[in-house]
Amino acid sequence: MSAPVPEPATAPVVAGVDGSPASKDALSWAANYARLAGVPLRVVSAWHWPVSLVGALPMPDNFDPMAEAHETLETILADVLGADPGFPVTTQVVAGAAAAVLVEESHNAGLLVVGSRGHGGFTGLLLGSVSEHCARYAACPVVVVRHRGAHEEV
């Protein structure tokens with residue numbers, strides 16, 4: 001049995017953030033949209049251990065990737081939205097592959113907003129694998145925001 005679909009008029013806007021310039025632009029776009037629509041904003045960041053690194057690199061005993069991801073997300077939020085955005089904003093850091101995490105989040109969203117290209121990948125790509133996956137499989141409408149300086153990077 002599937003979960004009930006939220007009403008678009010009250011469902012949150014979900015923004016996927018990885019710290020890339022495009023994801024920061026997507027966060028700014030999503031915040032403006034949420035503010036104008038009068039709906040909450042949920043900012044989601046996903047992290048995972050790259051398969052090629054598992055067991056290959058020694059990690060310090062006090063290394064906590066979840067805590068580091070939370071700290072990075074809070075820094076991005078302060079940078080893009082400021083100390084008080086003036087409307088409801090929640091954050092979530094999830095362990096998992098970004099594409100799968102964001103598609104899952106889309107089931108409880110009125111809109112999913114992602115950057116056109118995140119960290120990694122090839123500079124010349126117009127659409128990254130995560131944004132393409134979200135556009136194909138999300139349960140709600142998806143907005144893909146291209147970084148303002150992307151035309152200069154190609």
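Helices (H or I, at least four residues) and strands (E, at least two) are DSSP runs, numbered from the N terminus. The model is predicted: local features need pLDDT of at least 70, side-chain atom pairs count only at pLDDT 80 or more, and totals for chains, interfaces and linings use all residues. Residues are numbered from 1 along each chain as its sequence is written, and side-chain values use heavy atoms, with hydrogens and water left out.

**Exercise 1.** Describe helix H2 (residues 65-81) by its span, its two sides and the residue that follows.

*Solution.*
1. H2 has 17 residues and reaches 24 Å from its first C-alpha to its last, close to the expected 24 Å at 1.5 Å a residue (1.5 Å times one less than the number of residues).
2. Its buried residues (under 20% relative accessible area, 1.4 Å probe, protein chains only) are Pro 65, Ala 69, Leu 73, Ile 76, Leu 77 and Leu 81.
3. These residues lie on the same side of H2 because they cover an arc of only 110° around the axis, taken from the directions from the axis to the C-beta atoms.
4. On the other side, Glu 71, Thr 75 and Asp 79 are exposed (over 50%).
5. The cover over the buried residues includes H1, S2 and S3.
6. Gly 82 follows H2 and has a positive phi, near 85°.

**Exercise 2.** Characterise the surroundings of Ser 23.

*Solution.*
1. Ser 23 belongs to helix H1 (residues 21-37).
2. With a relative accessible area of 3%, Ser 23 is buried.
3. Leaving aside residues up to four places away in sequence, Ser 23 touches Gly 16, Val 17, Asp 18 and Gly 115 (heavy atoms within 4.5 Å).
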